[in-house]
Amino acid sequence: MSITGPKKKQIGVLTGGGDAPGLNAVIRGITTRAISLGYDVLGFKKGWAGLLGEGEHHVLDLDEVEDIHMMGGTILHTSRTNPYKLDDGVEQVKKNLKKYKCDALIAIGGEDTLGVAWKLHKDGIKVVGVPKTIDNDVGATDYTFGFDTAVNTAAEAIHKLHTTAASHNRVLLVEVMGRHAGWLTLHAGIAGGAHVILIPEEKYDVAEICKVIRRREEAGKYYTIIAISEGALPKDGDMTLQTQEKDSFGHVRLGGVAEKLSKEIEELTGKECRHVVLGHLQRSGHPSAFDRVLGTRLGYHAAEMVDKGEFGQIAALRGEDILSVDMKKALGELKIVPKKRYEEAKVFFGIES
Ligand code: F6P
């Protein structure tokens, strides 16, 4: 006589969009908690692309995920694939979830990945989301994982640049990631001692920036560090684009604002200017202890949400707790830097209002 236990249920997991330090901690949190609840976990590769065609996946086990929370990147790989932009894309996703017997799916990603997850949920797929972005701009959550690591990386770079800027009496502009929200620039700028912080939420005035540089010179400080978000805009202009080409979610590639502003400041002040683009360095490397813990907790709770049937929801940090929050609500609110937070910071970097 063969004894068979109850048939195990299966959860699919994928990571989509730009990577963020802490993704592996979330994967580990999901896998460990889901297995303890009696599920098998299937990891789909390269975001939504792993659910297209024949599907690309493997079973995640405790051995594979044991130490991954300390590693950056994502063991599942990622992409910016949008199944809703492909002929038959959604049908392929549904077909593969059925073929591989996934009772539910956990999508870890930013507004794009979660936007797809929400549409699939409306189409009848059981989906739970985990918000991810180093930009920290997802509504309904206090902090997204990856942000803390990126702040530390950018802050260290900004801090380091003081020595070369001071030695050469130069203005040094540091371009920080952040398309629509300046959280990363604000936090890294304060922590790294930037003298001017420019974010997408507050249009900048080059004349005001030059005043700060001159005021510093009058005080005997012959160098200035400017932290600027890639999405920062001049008071009478637009965002600086690297290319007009759009990805499958309709995003253009930003970049070049530090270089542009550096030339303008050089012309107006006669001071030597240099710029540094921190770029993907900010998303790279090992996650901070904070992100390892946050990612682990988010993963743990996402698995529990599947078990409780809380679909169409995301796991979100609110205060000390991880809560289950409506996915649509979270997607509807881009969390930008409030005016009062910028005003607070301005006292330290001295742009006059
Ligand atoms: O969405 C996070 C982010 O890091 C943005 O700050 C940045 O504009 C973008 O990703 C860069 O994406 P990619 O990896 O496609 O160059």
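Start with the whole chain and colour it by burial: buried residues make up 53% of its 353 residues. Keep in mind as you go that this is a predicted model.

**The whole chain**

Switch to a cartoon view, and you can look for eleven helices and 13 strands. Now show just the C-alpha trace and align it to its principal axes, where the span is about 90 × 40 × 30 Å. How does the radius of gyration compare with that of a compact globule? For 353 residues a compact globule would come out near 20 Å, and the chain has 22 Å, so the two agree.

Next, turn on a surface. The accessible area of the chain is about 15800 Å², and carbon and sulfur atoms account for 52% of that. If you then colour by charge, you will have 46 positive and 49 negative charges to look at, and their mean positions are 2 Å apart.

A contact map is a good companion here. Take the contacts between residues at least 6 apart in sequence: 75% of these join residues at least 24 apart.

**Two domains**

Now make two selections. Domain 1 takes in 9–145 + 287–331, while domain 2 covers 148–283. Give each its own colour and put a marker at each C-alpha centre; the markers for domain 1 and domain 2 will lie 33 Å apart. Which residues face each other is easy to show with a contact selection: 19 residues of domain 1 are in contact with 17 residues of domain 2.

**Stop at G146**

Select G146, and you land in the loop between β5 (127–131) and α5 (147–168). Is G146 buried or exposed? Its relative accessibility is 0%, which is why G146 counts as buried. To see what surrounds G146, display A20, P21, I134 and D291, which are its contacts once neighbours within four places in sequence are left aside.

For a longer view, draw a distance from the C-alpha atom of G146 to that of K271. The line should read 36 Å, for two residues that are 125 apart along the chain.

**Finish at Q313**

Last, pick Q313, in strand β12, which runs over residues 313–318. With a relative accessible area of 18%, Q313 falls under the 20% cut-off and is therefore buried. What does Q313 touch? Not counting residues up to four places away in sequence, show V127, V128, G129 and M305 as sticks, then add S324, V325, D326 and M327, and you have the residues that Q313 touches.

Definitions and conventions:
Residues numbered from 1 in each chain as written. Predicted model: local features only at pLDDT ≥ 70, side-chain atom pairs only at ≥ 80, totals over all residues. Heavy atoms only, no water. Helix = DSSP H or I, 4+ residues; strand = E, 2+ residues; numbered from the N terminus. Buried < 20%, exposed > 50% of the residue type's maximum accessible area, 1.4 Å probe, protein only. Contact = heavy atoms within 4.5 Å. Rg over C-alpha atoms; globule rule 2.2 N^0.38 Å. Areas by Shrake-Rupley, 256 points an atom, 1.4 Å probe, with all protein chains shown as cover. Lys, Arg positive; Asp, Glu negative; His and termini not counted. Charge placed at Lys NZ, Arg CZ, Asp CG, Glu CD. Domains from an automatic or database assignment.
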